[in-house]
Every structure is written in C-alpha cells, then in structure tokens.
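Colleague: I'd like to go through the ligand site in this one. Can you take me around it?

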Amino acid sequence: MGACGGENEAGSNGGNADDGKITMGFAQVGAESGWRTANTKSIQEAAQAAGIELKFSDAQQKQENQIKAIRSYIAQKVDIIAFSPVVESGWDTVLKEAKDAKIPVILTDRAVDSKDTSLYKTFIGSDFVLEGKKAGEWLVKEYQGKTDTVNIVELQGTTGSAPANDRKSGFADVIKADPKFKVIASQTGDFTRAKGKEVMEAFLKANPKIDVLYAHNDDMGLGAIEAIEAAGKKPGVDIKIITVDAVKDGMTALAAGKINFIVECSPLLGPQLMDLAKKVVKGETVEQRVLTEETTFTPEQAKAALPNRKY
Ligand code: AHR
C-alpha cells in the first residue's frame, strides 16, 4: 500500500488545532454488539488520554444518521473526522464535502468502496477477508479425511457492510475447494444477538440437518446458541459453531465448548487512531492502510486467555 501524504490542514478549517487542542468528530456505527461497545470505550478512553476533544455520535446502524453526523462535524469545523462506515457504498458526496472544507477524514474498522482514495487519509482496521479465510481453514481441517456432506448455515453481518461482504467471501473462497461443504442457508442477522437468535430459529425449522454454523460475529453466534438449545440440540456438539470477534461473552461460550472456534477481530483501535489523528493534523505522512494484528482461539486457548481478556 502506498503512503498517503497529508498537507497540513489544521488551522485552515477553524478547528482548535492552532492552540494545540485537536477536536475530533467521531461517527460510530451504533451499539449493536459487544465488539462495538468495546470499540466505543477504546476510542473514548484513548481520546481522553491523548488530550483530544471528542465529539461522538451513534448512528444506530443507519447510514443516513452517519452522513448527518459527518455534515454536522463539517459545520462545526472540527479538526479531523473519523468514522466506521455502516456500509461500504455511498460515501463519495459527503467525503468530498469534508475534503472541500479541508477537514481530513480517517476511516476506522470498516472500509468504503470509493475509487477516490484521496477522500480519506488512512484506514485503520482488520483484514476481514483474512478473518473469513481463517474460519474456512479451521473447518477444512476439522473435517479432513471425512467424505459426508457438511451442511453449513451462515449468519451474515449487516447487509452491505465491509465485514459481512469480506467474511463471507473469504470463507467461501477457502471451502469451495471441497464440494462436501455446502452452505445451505445464508442470511443477515445484522450483527445482533436478537436477530441471530431469530434467524437461527428459522434455519432450524427449515433444515433438519445442520452440521455447522458460521456466524460473522460472536453476538449472532450467542443468539443462535439460545435457539439451538431451545430446539433441544447441543451447541458445539450437534452443531459446530465458528464465530468472529473474541469478546468476553464469546470466549466464555468457547471455553464452555458451546462455540468451537473464534477468529479474533480487535476493537481496541482507540490509541492507534489518536496517534494517527495527531500526525494527520500536523501534516505528517501516514500509511494509507494500517492493519490490526489478530489471532484465533480454540476452547483451550480461550480458557487460558479469559482471565486477562480486556473486553
Ligand atoms: O466491523 C466490525 C464488526 O462490527 C464486528 O465484528 C461486529 O461485532 C461489529 O458489530
């Protein structure tokens, strides 16, 4: 990835950066999951520690609310805007408005599909395709040497969001090599526990033989576990479960054997985001893509990690 230079935009927009205090407008996705709650906490705590004044808004998983929040940050002439886009498409106009107002933008956690990468300074977050691949690789290993059909149901994240698109495609890319793996149902659970439960109930009613559940986050997996138990089946045994995130509740279910494998996605983006924001406001050059380091967890690894898990 190429580096993205940033001309010094501080002071040209009326923000506070001239007197040394940076004001950041942050447009959060919502509070849909344990991951998101941990991410919000990380951003708020890191802003405070870095001496950055944070204007924070919760879009309740709606793109129009995020666009409104960004426009209000532009009108307030903040020094920098950061946001985690609910969905990938439809950002060019508002990002152009920020650029015209000379307010730099940082993408956190989720990407946009804008062709014009000059509309934002950097993007910090996970490689969601890789996360999907790790989930698929575990499955391939788990069923190595077996020939029976493996019926998989998939709970997708928010429709049109980068993690839903990429976790689906990464997983599909890996399992397609072996025709015994069949995704028999795939539907959005909107990254929430309630919707994960509701959709899993429908999956169970429509499909008498489900071998594996792949949920794009822990929360949907945890909701699905409730549905599986209510249907008289044993999660982790009758139906193997793979999720993404590794928040405490997910890790607890993994350690108890109700989930079989979790691919980590770190929400602790706050400190790095604040460092990047300071550099961008000063006009320093920053990498256009900053990747988060992540791992995976088996039940044994979850047991070992849980006592020190921060979120
Ligand atoms: O964008 C990251 C995803 O959003 C997390 O995996 C999910 O839990 C959250 O809601």
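Modeller: Sure, with one term up front: a polar contact here is a pair of N or O atoms within 3.5 Å. Bear in mind that this is a predicted model.

Colleague: How far does a polar side-chain atom of Glu32 lie from an oxygen atom of the ligand?

Modeller: Glu32 is one of the residues surrounding the ligand. The pair joins a polar side-chain atom of Glu32 and a ligand oxygen, and the cut-off for a polar contact is 3.5 Å. The distance is 2.4 Å.

Colleague: And what is the distance from an oxygen atom of the ligand to an N or O atom in the side chain of Ser33?

Modeller: Ser33 also belongs to the residues around the ligand. Its side-chain N or O atom is paired with a ligand oxygen, and the separation is 3.0 Å. For Arg36, a polar side-chain atom lies from a ligand oxygen at 3.0 Å.

Colleague: How much of the ligand's accessible area does the protein cover?

Modeller: On its own, the ligand has 290 Å² of accessible area. The share of that covered by the protein is 100%.

Colleague: Which elements give two or more residues to the shell around the ligand?

Modeller: By class, that shell has four nonpolar, two polar and six charged residues. The elements giving two or more of its residues are α1 (34-50) and α5 (162-175).

Colleague: Which residues lie nearest the centre of the largest cavity?

Modeller: The search of the whole structure turns up one cavity of 30 Å³ or more. The largest cavity holds about 90 Å³ of space, and the ligand takes up that space. Its lining has 13 residues, and nearest the centre are Trp35, Arg36, Arg110, Arg167 and Phe191.

How values were computed
Residues are numbered from 1 along each chain as its sequence is written. This is a predicted model: local features need pLDDT of at least 70, side-chain atom pairs count only at pLDDT 80 or more; totals for chains, interfaces and linings use all residues. Side-chain values use heavy atoms; hydrogens and water are left out. A residue is near a molecule or strand if one of its heavy atoms lies within 4 Å of it. A polar contact is a pair of N or O atoms within 3.5 Å; within protein, one must be able to donate a hydrogen and the other to accept it, and residues adjacent in sequence count only if both atoms are side-chain atoms. Accessible areas come from the Shrake-Rupley method with a 1.4 Å probe; for residues, only the protein chains shown count as cover. On a 1 Å grid over the protein atoms alone, a cavity is a set of points where a 1.4 Å probe fits but cannot get out, and a pocket is an open set with protein on both sides within 12 Å along at least five of seven lines; lining residues have an atom within 4 Å of a point. A molecule sits in a cavity or pocket if more than half of its atoms lie within 2 Å of its grid points. Helices (H or I, at least four residues) and strands (E, at least two) are DSSP runs, numbered from the N terminus. Ala, Val, Leu, Ile, Met, Phe, Trp, Tyr, Cys and Pro count as nonpolar, Asp, Glu, Lys and Arg as charged, and the others, Gly among them, as polar. Grid points are joined across faces, edges and corners, and a volume is the space filled by probe spheres set on the points.
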